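Open the model in your viewer and get ready to select things one at a time. Each stop says what to pick and what is there.

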Amino acid sequence: MPPEETLVTVRDLKKWFPVRTGILEDLFSKEKKYVKAVDGVNFQIKRREIYGLAGESGCGKTTTGRVILRLLEPTSGEVYLGKQEVFSLTKRELNEFRKRAQIIFQDPYESLDPRMNIFDFIAEPLIVHNIGDEEKLVANALKTVELTPPEEFYYRFPHELSGGQRQRVAVARAMILNPEFIVADEPVSMLDVSIRSSILKLMFKLRDELGISYLYITHDLATARQVCDKTAIMYLGKFVEEATTEELLRNPTHPYTQALITAVPVPDPTGRKSKVAISGEVPSPVDLPPGCRFRTRCPYAMEICRKEEPELVKVGIDHLVSCHLVKE
Amino acid sequence: MSFLDIRNLKTYFTTKGGTVKAVDDISLQIEKGDALGLAGESGCGKTTTALTIMHLLPSNAIVLSGKIRFGDVDLLTIGEEKLRKDFRWKRMSMVFQGAMNALNPVFKVGEQITQAILTHEEITKESAWERVEELFSLVGINPARAKEYPHEFSGGMKQRAIIAMSLACDPELVIADEPVTALDVIVQAQILELMRSLRDKLGLSMIMITHDLSVIADTCNKAAIMYAGKIVERADSVTIFKQPEHPYTQGLIANFPSISGEMKPFEPISGSPPNLISPPSGCRFHPRCPYAMGICENKEPEIIELKRGHFVSCHLKRH
Amino acid sequence: MQKVKLRGYEKSIIKFWSQYMESKIGLFGLALLIFFVFVSAFANILAPYPVGPKDGDSKAILKPPTSKYVLGTDELGRDMLSLILYGGRVSLMIGMLSTLMTALIGTIVGVSAGYFGGNTEELLMRFTDIFLVIPGLPLMIVLASILGATFWNMIFVIGVLGWTGTARVLRAQVLSLKEKPFIESARAIGASDARIIGRHILPNVLPLIVAQMVLNIGSSILSASSLSFLGLGDPTHLSWGMTLHYAFGVGALFSNFYWYLIPPGFCITLVVLAFTFIGYSLDQIVNPRIRRR
């Protein structure tokens with residue numbers, strides 16, 4: 001089978017948030033402070049690919065997902081969905097874009113409008129884009145997400161549904177416009193364990209039947225392993241490593257990736273215990289130290305790490321690492 | 001004689017919609033030094049069990065029946081006064097779910113712990129502060145930071161402070177309710193390592209409540225799986241993970257993603273956790289059980305000891 | 001589809017009502033309100049005597065309560081009970097109409113400030129602050145004197161100065177709503193600001209608006225009564241406040257014409273109390289910050 005074409009291309013994406021200081025500081029200090037939430041990120045997602053973006057809180061993965069969909073305006077960089085460059089779209093073109101790219105949120109309790117019934121909620125994208133045939137399309141969507149019989153769900157409200165059911169409603173709404181690309185922001189982390197795999201299975205079904213690509217944002221590497229074809233690890237706004245998930249877990253090269261992996265406990269009491277390879281916690285993204293952002297916690301930090309930020313270099317087929325320890 | 005022996009505990013809640021049978025006849029035993037993982041999904045009754053042991057239930061809760069024998073007393077019959085003076089926080093303490101976010105922002109962290117100590121022990125304020133500094137060292141926080149406020153602490157530090165608070169009066173038993181759920185992966189590993197080392201150093205017995213099976217595998221030597229207010233299976237951890245007998249346990253473990261080892265295909269458990277006001281008849285798991293038989297709908301299964309220390313409640317199992 | 005969709009809303013109304021019924025204060029207030037609305041609406045049937053300026057019984061001036069005039073008479077010989085019954089209409093009307101105005105202005109200002117943020121919010125909130133800072137009643141007095149004392153002017157004056165509380169409360173609500181994922185979800189599917197405000201924000205703040213309105217009616221009636229009492233009311237529309245004004249005018253306080261003072265004062269108090277009780281109970285149910293789950 002020929003390799004799938006590239007659907008999403010992200011080039012040097014940056015999103016900096018200005019830090020609000022007091023009025024006096026604003027007046028008198030020349031330097032503006034920024035939280036560099038996303039600071040130069042590059043990657044590509046192919047059609048039908050599930051691309052994982054993993055990292056701890058504050059690494060910028062959630063912001064990346066939002067900016068790619070232009071739910072937040074970028075500071076700089078480009079994002080291509082097919083041939084369209086997302087940030088240079090006019091208002092009308094942006095509306096068209098919204099049909100091609102959608103999002104599923106983490107919190108099934110807060111991502112549904114509590115005052116809208118399920119039918120109206122799933123039909124809303126159709127109404128916004130003036131697509132008729134609501135009843136047929138909504139029924140179809142509900143069937144696809146396995147909430148059957150659909151009629152039973154039309155007039156229910158979110159608080160009458162379980163977490164898993166709500167998340168299915170969210171998926172139905174995301175897919176009703178037939179998107180090519182969905183950003184899934186930790187879609188199962190707030191669901192009960194026994195329900196998670198059914199939602200993940202649903203996502204796979206959509207990928208297989210409708211050819212949808214995903215950007216799967218998660219902090220849970222074990223789930224990324226189950227779901228993602230390729231995974232990138234983010235730290236303080238930058239990629240530190242990117243590889244096929246299998247290769248990433250088999251051959252973690254960046255010290256942070258290694259630390260993350262050894263820290264994850266395994267559901268096997270006879271297996272290895274979780275280990276702490278690095279100390280401390282993720283530092284504040286304001287006032288980043290010069291050089292490699294990870295050096296303050298890195299057990300292998302060298303002189304050069306303090307001066308220069310490492311570049312992403314290729315260490316294998318489809319395996320990129322950004323670390324001074326590594327040569328091409 | 002077990003260190004903690006719970007028999008036939010029933011805790012119900014009266015609500016507007018009806019009576020919630022949150023904990024419906026559970027029994028379990030812990031030996032001294034055990035770390036028992038109490039696992040289950042939201043609403044299964046694990047937190048209620050912990051609150052019942054600590055006698056910290058809300059006003060609409062009723063403990064219908066049961067015994068909780070701790071040492072040589074039954075915690076359910078000794079009365080609030082004695083419980084407060086001799087047991088709660090002194091011989092047993094609890095790390096509450098989300099406690100790290102419940103630290104009072106206007107008091108220094110150390111002060112909140114001294115308050116806890118002084119409520120339960122008749123010592124001077126200076127001694128209490130000294131103890132706080134000792135506790136901070138024990139849990140890995142620089143003792144000088146006891147005089148700081150919660151907002152100056154990171155997430156991991158706050159959780160360490162909460163653990164320090166639970167150890168303030170030298171308890172024998174610590175109940176931890178989802179102690180690492182809200183933490184990042186690396187901080188989680190740090191806290192789990194801390195809890196393991198505290199257990200060794202201080203000879204603590206622990207009940208670790210969590211929905212995360214990997215945390216249980218990582219830190220507990222025994223495990224009990226709860227579903228809809230009942231304990232469906234309990235045994236030592238190795239048995240639970242390697243030879244689970246109850247279909248729910250099997251489903252949970254089969255579905256639990258692991259970062260290493262064999263990749264498991266998706267085998268979701270159908271349906272969703274039941275309503276505890278009107279739970280399913282017979283075996284509560286039968287609507288979701290792939291092996292459900294006729295009897296499962298009509299009769300609640302008995303608890304059988306399959307082999308020493310391995311208890312299952314399922315019609316499929318015989319001695 | 002329309003007919004059946006309503007089923008969903010019925011359920012939330014039933015749920016709301018059962019919650020409301022738990023509040024004894026709320027039920028009491030509601031009962032009180034219903035009573036007053038009823039007697040005011042049917043004043044023309046219930047009132048034993050007419051209350052026009054020429055309808056007084058010149059032989060029964062300032063008489064204390066008798067079997068003929070159950071609550072006594074005023075200085076024109078008019079029956080106090082009838083005056084109270086008709087006066088209720090005026091007071092309630094002023095209260096409700098001015099509240100409609102405050103709700104409208106307050107909602108527009110509060111929702112716009114909360115939703116659009118930035119300079120819009122700054123501007124609107126500073127504008128609100130100006131109105132908040134100036135003492136309400138004195139400003140009302142000044143406005144009313146300038147504009148003239150008519151029924152509609154009074155509604156305007158009270159309305160144009162009473163919206164600030166609503167604006168602030170709504171802005172706060174909208175600010176927190178704006179951060180919720182379902183609003184982001186609406187943006188993600190391409191909904192316009194107008195649609196988001198109309199379909200997502202407003203329905204979710206509507207309960208709060210209603211609660212605010214109810215509380216507002218109470219204070220509007222109080223303001224109206226105060227203004228009327230000070231003589232700025234419309235003499236052709238005799239409200240309870242105006243009645244009190246005339247009572248004072250004939251020295252009721254010093255001459256102990258208690259039947260002239262107590263009924264209107266009592267009615268004002270009761271009605272404002274009714275609205276306050278209802279508003280309080282509503283607030284308990286709808287205000288997400290103080291709601292007990």
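**Stop 1: chains A and B**

Show chains A and B together. Their contact takes 37 residues from chain B and 37 residues from chain A. Keep in mind that this is a predicted model.

Now select the side of chain B that touches chain A. Four elements give two or more residues to this side: α6 (185-202), α7 (213-219), α8 (237-242) and α9 (247-255) of chain B. Which of them gives the most? Colour α6(B): it gives the most, with eight residues. Then colour this side of chain B by class. You should find 19 nonpolar, 14 polar and four charged residues.

**Stop 2: chains A and C**

Hide chain B and bring in chain C. Here the contact takes 21 residues from chain A and 18 residues from chain C. Stay on the chain A side. Look for α3 (91-100), β6 (101-104) and α4 (118-128) of chain A, the elements that give two or more residues to the side touching chain C. The largest share comes from α4(A), with three residues. By class, this side of chain A divides into 10 nonpolar, five polar and six charged residues.

**Stop 3: a sheet in chain B**

Go back to chain B and show its strands. Find the open sheet of eight strands. Its order is β6-β7-β8-β3-β9-β10-β12-β11 (chain B), and its pairing is mixed. Which strands stand at the edges? They are β6 (92-95) and β11 (304-307) of chain B. Each has a single partner strand, so one side of each is left without a neighbour in the sheet. Turn the view to follow the twist: neighbouring strands are turned by 20° against each other on average, direction ignored.

Zoom in on one edge. There β11(B) pairs with β12 (residues 310-312) of chain B in the antiparallel sense, over three bridges. Select B:Ile304, and you will find B:Val312 of β12(B) opposite.

**Stop 4: two helices in chain C**

Last, select helix α11 (residues 240-249) and helix α13 (residues 258-286) of chain C. They pack at an angle of about 155°, with their axes 9 Å apart. Are they roughly parallel or antiparallel? An angle over 145 degrees counts as roughly antiparallel, so α11(C) and α13(C) are roughly antiparallel to each other. The crossing of α11(C) past α13(C) is left-handed.

Show the side chains in this contact. From α11(C), pick C:Trp240, C:Thr243, C:Leu244 and C:Ala247. From α13(C), pick C:Tyr260, C:Leu261, C:Pro264, C:Gly265, C:Cys267 and C:Ile268. Eight residues of this contact are nonpolar, two are polar and none is charged.

Technical notes:
Residues are numbered from 1 along each chain as its sequence is written. Chains are lettered from A and ligands numbered from 1 in the order in which they are written. This is a predicted model: local features need pLDDT of at least 70, side-chain atom pairs count only at pLDDT 80 or more; totals for chains, interfaces and linings use all residues. Two strands pair if DSSP finds at least two bridges between them. Axes are lines fitted to C-alpha atoms, for helices over the stretch in contact, and angles run from 0 to 180 degrees between N-to-C directions. Two residues are in contact if their C-beta atoms, placed from the backbone, lie within 7 Å. Ala, Val, Leu, Ile, Met, Phe, Trp, Tyr, Cys and Pro count as nonpolar, Asp, Glu, Lys and Arg as charged, and the others, Gly among them, as polar. Angles under 35 degrees count as roughly parallel, over 145 as roughly antiparallel, 65 to 115 as roughly perpendicular and the rest as oblique. A crossing is left-handed if the near helix is turned anticlockwise from the far one by less than a right angle, and right-handed if clockwise.
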